[in-house]
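Trainee: I should like to go through this model step by step. May I put some short questions to you?
Mentor: Certainly; please begin wherever you like.

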Amino acid sequence: MQGIYIKSPILKILIGILATLITIGAILLVAFTEEIRMEEQAASWEGRSIENGAALYATACASCHGVDGKGASGPALNSYYFFTDTGRIQDVEFPGSLRQYVKLTIAAGRPSKQQSQWPVRMPTWGADYGGPYRDDQIEEIVDYVMNWRESALAQTPYEDPWRCFEDVPTPCDEQGFVGLLKRVGLTPEEYLAGLPAEAQPTPPPARPAELLFTEMGCNGCHALTKANAAGAVGPDLDPLPQVAGERIPGMSPEEYVYESIVNPDAYIVEGFPPGVMPTNYAQRMSEEEIRSLVDWLLQP
Amino acid sequence: MSVQQQMREKGPLGMLVALAEDVFTRVTAGIPPGEFRRMLRGEPPGRPNPRLKPHSETFLLHIRPTYYHESVTRWTHTFRLGMLSTYLFFLELITGILLMIWYAPTPERAYQDMIRLLSNVPFGQFLRDLHRLGAEAMVAIVTAHMVRTYLTGSYKPPRQFTWFTGVILLVVTLFLSFSGYLLPWDQLAFWAVTIGTSMAEAVPPQIVGETVNLLARGAPDIGANGLLRFYLLHVLFLPALLILFFFVHYYKVVHFGISLPASEEEVGEDTANRVPADRRVYFLPDVATDELSFLTGFTALLIVVTVFFFQAPLENIANPQQTPLHTVAPWYFYWLQGLLKIADKTIAGVILPGILLVLLAAIPYLDFNPSRRGRDRRVAIVSGIVAGTMMIILSYMGTPQYAVQAAPPVEIVQELMPEEGMGPAREIGYDNLPLGVWRTDEEVEYPNEEFAKLMEEFKAATRKWQEKDPDFNAAVGQLTISQDQPRLKRLDWYITWFDAQGAPGEFSRSFWLHQDSIYWEQYGLKHRFLEYIREFFMSRQEQ
């Protein structure tokens, strides 16, 4: 068997030189694109962390803080007051950054339910404090929560879903975006009027009542057959069209339902505790939307 | 001779020339410039051969033979597989030491260090990919080296012990590659190594198995101790072992010479020291030129593949609480994974591989056939081919395709948007995923072609599983894409079906995709470069 082989030393040397040039060329190509690649990678890992944080948030946090972060039985996070430098972080006098505050709160939770109006104490999530999640998972949740910054800071005073914390020195009417304006002596109308024309918020189109019922999280606590909802935390809404008019003497069904959405603790159905239903629906829905939701709820 | 005397005899210029020649001869370890020139021109050496001097002067050349038999210098005789294995080992050593700079073997840091290496170290990804590719190539080439030696019967006397050390080197290479697997501390690493070490647990009797497992993992489960142990195995113990056996192996190779083709050599003949003068190919310059050009060529191939076609996988961070849907061993252990599906852990994982290994190492001492010619070795060659085929079949059985399948809806979502890696849904990218509710039982105009293809795949997967599984009928898939946060979309996969009795079932799974996210299949130049080529050809077609 003769076999295949290159005999000419000149050819071998030429192959060697060519191979060296190809190697150098490939490495130079990497060198020239390395800057872009590293930037892409850095951005990607931030994005990946937010993705993982979103999954953790959905399982651990969304039930209290809301799928959209605008609060339910827990405080709102996707809020102007929460993200702005002069807001929550200043009022609690935390010395570090908001990111550190969020991380500490998630990892260590709130130590006690004393002096808190919230129905559930913030649990400890970090493994260092006896919770279920490792430090890298806590970081991912923090990345996800902090990713609301952009949308939260774009909120108008009316859209800020912040609900008052009663156990801090700041009075309730000075919390939230509206409260921040009050501190400097402005009403929301004056603030909005002061904004340049291009910064004026455009009212979003009204959402249909069926969608509002799930989007506002009503289905989580109330039962309603036409919306496939079976929540048992709050009163059953199926008999509402029949009973709404008889609940409070002298009050029309529309007025009663409207008042119960905007100011839930005004009238409490017997057997249910007060202070459970969020009180910020007036801020989260437009007047038109609330009216349409009331009509829809009263349709048998 | 004193300086003045030299000056007088040669003149100042002549003296400088003599000095330069002297320096040149020192640098080349004994070859004067004139001889070097003749070497380059391909002229025969003088007598006695002055080109042998470097072999006695320098360490690295003294371990190389001064000449080879002409018949073994042909590329198709050995395919240079032994040399390539050695070369890859040193390549791994260099890239490995560089990678160690940015790596700390603790569960808290290991994965973060991978991220930092990829996003913050120039050439970091290149080094990691090259190290990984080199490791896989090394396993393949060492195995091919063994197959070649077996088929040509080169393990026969006097080279039995060379084969034996070779088998040890193969095992060390496999363990070296496998111990590196755990270091990135991702899901892929963690679960492959968990399964690997659980095999050690199956060593009988129980007390031995448990002890071996405890020694390897450092705790009942893999954690900080296990990672440190695998790290030390990978960077210290196994390389040291490999270097030791490499030198034993190499000494034997030089001592007995590379086996000649069967037609030119009888078994037991000492051919290395009895090469006829007219058949000698001297190391300097012929073999050296050949090896250098071959290795530069191989390096170029390796680098080009690393830069354009290969990316080392990196899955999510190791999570002991979450077993991945399909755990996969590295490809060179597929056969073991296949074997484990047939028999239990003790037999398939320990006893059978153990027997195979002993048999493999003992081949030269069991094979009494005195001939190396193919026609005399029919039994050996046929059994070798049978064993090889068995390995391939077992490997196929070990691949994820042959794996135990999960329920159809789980597999459908896994196919389109897997737990780890990219998958078709992430591949089309954030921008091509339109917000809305998309169903497999509807024919609508999709906003873009990429998404239409994805929905086509969704429909095809749903159809495929309905044909495959009688308990999965009238299945409807629904994909809801919503904007969860700025630059973050949420994908809800929802599948409903009826089983054979007509009872309904449903399955849902949510994933998120960020605009900036890239998954490991999309890393770096390879992805961009291929995209660039695609764009280039598309623009050509349009013209």
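Trainee: Which residues of helix α8 (residues 176–183) of chain A are buried?
Mentor: The buried residues of that helix are A:Gly176, A:Phe177, A:Gly179, A:Leu180 and A:Leu181. Buried means under 20% relative accessible area, exposed means over 50%, and partly exposed lies in between (1.4 Å probe, protein chains only). Helices (H or I, at least four residues) and strands (E, at least two) are DSSP runs, numbered from the N terminus.

Trainee: What do the buried residues of α8(A) pack against?
Mentor: They pack against α3 (80–83) and α9 (188–194) of chain A. After α8(A) comes A:Gly185, with a positive phi near 80°.

Trainee: What conventions apply here?
Mentor: This is a predicted model, in which local features need pLDDT of at least 70 and side-chain atom pairs count only at pLDDT 80 or more, while totals for chains, interfaces and linings use all residues. Residues are numbered from 1 along each chain as its sequence is written, chains are lettered from A and ligands numbered from 1 in the order in which they are written, and side-chain values use heavy atoms, with hydrogens and water left out.

Trainee: Where in chain B is confidence lowest, and where highest?
Mentor: The lowest mean, 69, belongs to α20(B), and the highest, 97, to helix α6 (residues 81–100) of chain B. The chain averages a pLDDT of 90, and 97% of the residues score at least 70. pLDDT is the predictor's confidence in each residue, from 0 to 100.

Trainee: How many helices and strands does chain B have?
Mentor: Chain B has 20 helices and six strands. Its C-alpha atoms fill a box of roughly 105 × 60 × 50 Å along the principal axes. Of its 543 residues, 48% are buried.

Trainee: On to the interface. How many residues does each chain give to the contact?
Mentor: Chain B gives 50 residues and chain A gives 47 residues, where contact means heavy atoms within 4.5 Å. About 4200 Å² is buried between the two chains, and carbon and sulfur atoms give 59% of that area. Buried area is the accessible area (1.4 Å probe) that two parts lose on being put together, summed over both.

Trainee: How many salt bridges and polar contacts are there between the chains?
Mentor: There is one salt bridge, and 16 residue pairs are in polar contact, both residues being at pLDDT 80 or more. A salt bridge is a side-chain nitrogen of Lys or Arg within 4 Å of a carboxyl oxygen of Asp or Glu. A polar contact is a pair of N or O atoms within 3.5 Å; within protein, one must be able to donate a hydrogen and the other to accept it, and residues adjacent in sequence count only if both atoms are side-chain atoms.

Trainee: Which element gives the largest share of the chain B side?
Mentor: That is α13(B), with 12 residues. The side of chain B that touches chain A divides into 26 nonpolar, 16 polar and eight charged residues. Here Ala, Val, Leu, Ile, Met, Phe, Trp, Tyr, Cys and Pro count as nonpolar, Asp, Glu, Lys and Arg as charged, and the others, Gly among them, as polar.

Trainee: Which residues form the salt bridge?
Mentor: B:Asp290 pairs with A:Lys12, and their closest N and O atoms are 2.9 Å apart. B:Asp290 lies in helix α13 of chain B and is buried, at a relative accessible area of 14%. Beyond its neighbours within four places in sequence, B:Asp290 is in contact with A:Ile6, A:Lys12 and B:Arg80.

Trainee: Changing topic, is B:Ser154 buried or exposed?
Mentor: B:Ser154 is buried, with a relative accessible area of 6%. It lies in the loop between α8 and α9 (160–181) of chain B. Its side chain makes polar contacts with the side chains of B:Thr152, at 2.6 Å, and B:Ser259, at 2.8 Å.

Trainee: Where is B:Pro158, and what is its peptide bond from B:Pro157 like?
Mentor: B:Pro158 is in the loop between α8 and α9 of chain B. The bond from B:Pro157 is cis, with omega near 5°. Another cis peptide bond joins B:Arg47 and B:Pro48, with omega about -5°.
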